[in-house]
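Trainee: I'd like a close look at one part of this model, the place where the ligand sits. Could you walk me through it?

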Amino acid sequence: MAQAGMSERIYNFSAGPAVLPLPVLEQAQREMLSLPGVGMSVMEISHRSKTFDEIIGRAESGVRELLRVPDNYHILFLQGGASLQFSMLPMNLLPAEGSADYIITGSWGKKALKEAKRCGKVNVAANMADGGFKRIPDDEEINLDPGASYLHITTNETIEGVQWKREPDAGSVPLIADTSSDILSHPLPVEKYALIYAGAQKNIGPSGVTLVILREDLLEHISADQHTMLDYRTQVENKSLYNTPNTWGIYIVNLVCQWLQDKGGLEGMSRENEAKAKLLYDAIDATDFYRGHADVESRSLMNVTFRLPSEELEKKFAAEATARGLDGLKGHRSVGGIRASIYNAFPIEGVSALVSFMKEFEKKNG
Ligand code: PMP
């Protein structure tokens, strides 16, 4: 349970805000009172200072290098969470006379769809609700509108634990993705997307920062009368500094990017994530006591969702795990069950500890 030098830290399986890399927290702790050479906390300096300009510049280039973001894409650090993007996106890119395609693979996609409907016409190109969102649709199951203003997907559904392993073929329609819960967990072909967004609080940093990566040409389609703060053009023109951004959060994003670079970038990270998820899915598949929620080929490497024979046992499992320093395993209140979120910063030792606990728990209760 204990991690090096931090005896009171437990294994945190929370879906988000989630575990952050220990070296990042330690550096932030060291620099909390005074940034080296600055004499003030990053929270106390102007967002227009040279120091902060360097910090946000490094955060941007960190994301750009890790994801190999092409030059014709802008990188923004906004506020309001991924949830505000559910609205901001159609406000900017779904014209009154247009229509947008949405593929619904879980609870977060449903929320995105709800906001888009307020702005204009929406076509649900596929809805995987049957059976409780267990899988990603095949190409033949997707009914795209070739005239759509964009196609929206959720690359990883955090609550149900289903993840896209490919891009849908959107043709010439701009592909847009909510990547909140798997961004930076593996290399992503950014050039296949017109816009991607993500709340930071799983793999990028603390809550309160929303990463938006968007292709330059999208800006031409925004209507002139957009509200200033909700207009992507304002944010691009002002480099995310139209108003006061989450300076602390952006500072942490930069540290997380450095940590990822040290780990070998997204290729290295992806290998680790695959190994972690395999350990856990193998344990689930080895017995009928545990049943995975998602179909095998759609399983999320980030949020591993499974059931026990009864709700009582699930409650007992989560409570006993917490007592052992394995916290945050209770499934989302809307679907129940168990959910182990094993984002980038979650250590493989914690997965092994969970697997041992699962075996023991089954022996006693199976
Ligand atoms: N989309 C996905 C896939 C999510 O997992 C979450 C948060 N768990 C959200 C959107 C909402 O994010 P936020 O809380 O940043 O608005």
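Trainee: To get my bearings before we zoom in on the ligand, how many helices and strands does the protein chain have?

Mentor: The protein chain has 9 helices and 14 strands, where helices (H or I, at least four residues) and strands (E, at least two) are DSSP runs numbered from the N terminus. Its radius of gyration is 21 Å, close to the 21 Å that the globule rule gives for 366 residues, so the chain is as compact as a globular protein of that length; the radius is taken over C-alpha atoms, and the rule is 2.2 Å times the number of residues to the power 0.38. Keep in mind that this is a predicted model, in which local features need pLDDT of at least 70 and side-chain atom pairs count only at pLDDT 80 or more, while totals for chains, interfaces and linings use all residues. Residues are numbered from 1 along each chain as its sequence is written, and side-chain values use heavy atoms, with hydrogens and water left out.

Now the ligand. The space it takes is the largest pocket. A pocket here is an open set of points on a 1 Å grid over the protein atoms alone, where a 1.4 Å probe fits, with protein on both sides within 12 Å along at least five of seven lines; a molecule sits in one if more than half of its atoms lie within 2 Å of its grid points.

Around the ligand there are 13 residues, and the closest are S83, T158, D178, Q201 and K202; to be near, a residue needs a heavy atom within 4 Å. By class, that shell holds 3 nonpolar, 8 polar and 2 charged residues, with Ala, Val, Leu, Ile, Met, Phe, Trp, Tyr, Cys and Pro as nonpolar, Asp, Glu, Lys and Arg as charged, and the others, Gly among them, as polar. Helix α3 (residues 81–93) gives the most to the shell, with 4 residues.

As for polar contacts (pairs of N or O atoms within 3.5 Å), the side chain of S83 has an N or O atom 2.6 Å from a ligand oxygen. For Q201, the side-chain N or O atom is 3.0 Å from an oxygen of the ligand, and a polar side-chain atom of W108 lies 3.4 Å from a ligand oxygen. Taken alone the ligand exposes 400 Å², and the protein buries 85% of that, using Shrake-Rupley areas with a 1.4 Å probe.

Conventions: A polar contact is a pair of N or O atoms within 3.5 Å; within protein, one must be able to donate a hydrogen and the other to accept it, and residues adjacent in sequence count only if both atoms are side-chain atoms. On a 1 Å grid over the protein atoms alone, a cavity is a set of points where a 1.4 Å probe fits but cannot get out, and a pocket is an open set with protein on both sides within 12 Å along at least five of seven lines; lining residues have an atom within 4 Å of a point.
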